[in-house]
Amino acid sequence: MIEVGTGVRMGRRDVMKASALLAASAWAPVATARDTRDHGARIRDLLSRMTLAEKIGQMNQIAGGRQKALNSRLDAGMLDRVRRGEMGSFLHVAGAEPLRRLQKIAVEESRLGIPLLFAMDVIHGYRTTLPVPLALAAGWDPAMMERAAALMAEEAWAAGLHWTFTPMVDVARDPRWGRVVEGAGEDAYLSSRMAEAQVRGLEGPVRRAGEPPAKGRVLSCSKHFVGYGAVAGGRDYDSADVSERTLHEVYLPPFHAAMRAGSGSFMTAFNDVAGVPMTANEALVGGELRGRWGYQGLVVSDWNAIPELINHGVAATPAEAAALALRAGVDMDMASSTYADHLATAVTADASLVPLIDQAVTRILTTKARLGLFDDPYRFGDAAREKAPLARGTARELATRSIVLLRNEGAVLPLKPAARIALIGALADDASSALGSWRARGQTEDAVTLRRALPQATFDPGTDPAAARVAASADVVLLAIGEDYDMTGEARSRSDIALPGAQQALIDAVRAAGKPIVAILMGGRPLALERALTNIPAVLQTWFLGIESGPAIADVLWGKVSPAGRLPIEMPRTTGQLPMSYAHVPTGRPANPDLAVDSARYHDGAIGPLFAFGHGLSYARFRYSPLTIEQRSDAAVISVAVTNDGSVKADEVVQLYVRDPVASVARPIAELRGFGRVALAPGEQRTVRFTLDHAQVALWKAGKWVIEAGAIEVMVGSSSADIRQRGRFSVAAGEGTVPAASIATLVEVV
Ligand code: NOJ
């Protein structure tokens, strides 16, 4: 495997290059999704020769194995179905050699020789397991996210895969939802940048019509369209009842950004939005995505979601469910065989479905053509590269960059070289959890745990009273706490996200030893830890960091690297505060610390999160100069000089927020609209320049993006709760064309 990129951290030039790319993608015309025209003649010809059964076969995606037993269902009967043209795609399959053999059957032994599409969930690594997506998002560095995606793509490509169901671009403001681990957190702007970075890493730069992807790139799938992160109570698969405005301003923007970056496929979500299941949502899939947005790529259902329309109560029979999904614009049926078994019946009852089938098949064949599969069905897969060594260097660097220092009172960190260390907590030695919830071909034995990375520490998994004894004989206690890998992910919603199990008792026992404690939080979601972290002076959020977890955490503990990750989603104090976001709208009675005043808060807890969105500390200190704001006719250019006043080299994540203080509707008290992760040597100063288009402050009103005339407040700082400088600019009335949060700010570091 080739390491993607080199060096310990991104240089200034890379930041600029990444920003320029972001800016370019922001201004690409809306319908840049892969062009269909170049392959039109070939596909029309093929379509004219296909039987209805062969067409429906293309719309059928079947599991060729199980997630943990890939290829296991590829028996003789299944291969015969391929020969008969009953399959368009397989998922849960992998391996250069087996997939080559399977493709050969489709190409040489089926009547029309149409190549198959091979798909798999490669979510944060194929063999080299990287940090989970939420952790990568905590790097606040799209270039780093792009490198992660490119590495995943390369390994998946080597294994013969064409397609991965990544990125998950669902905004999530309720971490009870277990799938929060797979996304980029609570913010539409940050999620948009991470979405486009992943698409670029997976698919490569947007290509010209007719140009196949470069070797090592695969088809991305932006999911789950839409509102999946808004499910009621954070319960996976439940209903989402979001307002039009929130849908357009918060949940849809990352999909638009992914589309403009060239994402070749989308997956519909399991949930309904305001009663209309997304698998049958003509207004949002057919109307918004395909109509207004002009999306031309392939749309696949989620697993078994078509027959589940019957459970939703919007279809009475599988044939009705198939017709509803087809009408909504779902081209391919994942895993349920409902199209395969019932679409022909539906057509008999309603001939108007026939052109819709042709359209769906055209999109599927176009996707195959655009991957170059008609020219060379074997261009994916390389058995020799499949066996290349793991990309440990990249894995460690990305893991280190994902760590967030939440608290560091009395400069407990970095650790002093001679300190006697107690390492307590089973998670410190849990290689399986280091890999996180999806693991593709990742192997537990490849993961280096914190225990292995700190052989000098005295380890105790957390048995009482042994743990207290170990703590008492050390100078400092590293306490690994949180959730294991199986507590987040699909169908892993929890009603209480305080510390699970007996860990609170463990903390209390260790605290009684009176030694300084560094809490090392592991898990795939922000937990509600107000009580657990009381009187703990140092706290590191380390998520699930992949195969190089231990060495990466050790790099930060010893100060080899100054931590610079930031929370992509805030950490509540208690579960009862959820859902929450820093970007809430102001009320008539804003939360007041004085309980005698009736205000928008809980009576039994403090106001706001335990740790804010964008929060993350450093071993250095940064000073921000006052802002300079240049007013242009359609943009504002905001510059701030940032100086490293500390004594170590460190990155600072400079964040820009906006607020429209007076508008026709209440606007969020702050919205992220730009950020840059900047590396600064001690004493070094750099100027970060944000170019913000006026369309980035547009609001969704009556079906349009409206820019209302007036003043816009600008806040620049180190987190949403640590604003260092403020300013204002004004905008004239106008209209936007794309979701405001999906537009990338040009960020230059000079
Ligand atoms: C269901 C999940 O919701 C989706 O994200 C995933 O890609 C499919 N299963 C396939 O495994």
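This briefing covers the overall fold, the ligand site and the unusual backbone geometry of one protein chain. The model is predicted. The chain holds 22 helices and 28 strands. With a radius of gyration of 26 Å, close to the 27 Å that the globule rule gives for 750 residues, the chain is as compact as a globular protein of that length. The ligand has 14 residues around it, and the protein buries 97% of the area that the ligand exposes when taken alone.

**Overall fold**

- The secondary structure of the protein chain amounts to 22 helices and 28 strands.
- The chain's radius of gyration is 26 Å and the globule rule gives 27 Å for 750 residues, so the chain matches a globular protein of that length in compactness.
- Along the principal axes, the C-alpha atoms fill a box of roughly 75 × 60 × 50 Å.

**Ligand site**

- The ligand takes up the space of the second largest pocket.
- Of the 14 residues around the ligand, those that come nearest are Asp121, Arg179, Lys223, His224 and Asp302.
- By class, this shell has seven nonpolar, two polar and five charged residues.

**Polar contacts to the ligand**

- Arg179 places a polar side-chain atom 2.6 Å from an oxygen atom of the ligand.
- For His224, a polar side-chain atom lies 2.7 Å from a ligand oxygen atom.
- In the side chain of Lys223, an N or O atom is 2.8 Å from an oxygen atom of the ligand.
- Taken alone, the ligand exposes 290 Å², and the protein buries 97% of that.

**Cis peptide bonds**

- Most peptide bonds are trans.
- Phe225 and Val226 are joined by a cis peptide bond, with omega at about -5°.
- Val226 belongs to the loop between strand S5 (222-225) and helix H9 (244-251).
- A cis peptide bond also joins Leu578 and Pro579, where omega is about -5°.
- Pro579 sits in the loop between helix H22 (549-557) and strand S17 (622-624).

**Positive phi**

- Most residues other than glycine have a negative phi.
- His92 is not a glycine, yet its phi is positive, at about 55°.
- The loop that holds His92 runs between strand S2 (89-91) and helix H5 (96-109).

Notes. Residues are numbered from 1 along each chain as its sequence is written. This is a predicted model: local features need pLDDT of at least 70, side-chain atom pairs count only at pLDDT 80 or more; totals for chains, interfaces and linings use all residues. Side-chain values use heavy atoms; hydrogens and water are left out. A residue is near a molecule or strand if one of its heavy atoms lies within 4 Å of it. A polar contact is a pair of N or O atoms within 3.5 Å; within protein, one must be able to donate a hydrogen and the other to accept it, and residues adjacent in sequence count only if both atoms are side-chain atoms. Accessible areas come from the Shrake-Rupley method with a 1.4 Å probe; for residues, only the protein chains shown count as cover. On a 1 Å grid over the protein atoms alone, a cavity is a set of points where a 1.4 Å probe fits but cannot get out, and a pocket is an open set with protein on both sides within 12 Å along at least five of seven lines; lining residues have an atom within 4 Å of a point. A molecule sits in a cavity or pocket if more than half of its atoms lie within 2 Å of its grid points. Ala, Val, Leu, Ile, Met, Phe, Trp, Tyr, Cys and Pro count as nonpolar, Asp, Glu, Lys and Arg as charged, and the others, Gly among them, as polar. Helices (H or I, at least four residues) and strands (E, at least two) are DSSP runs, numbered from the N terminus. The radius of gyration is taken over C-alpha atoms; the globule rule is 2.2 Å times the number of residues to the power 0.38.
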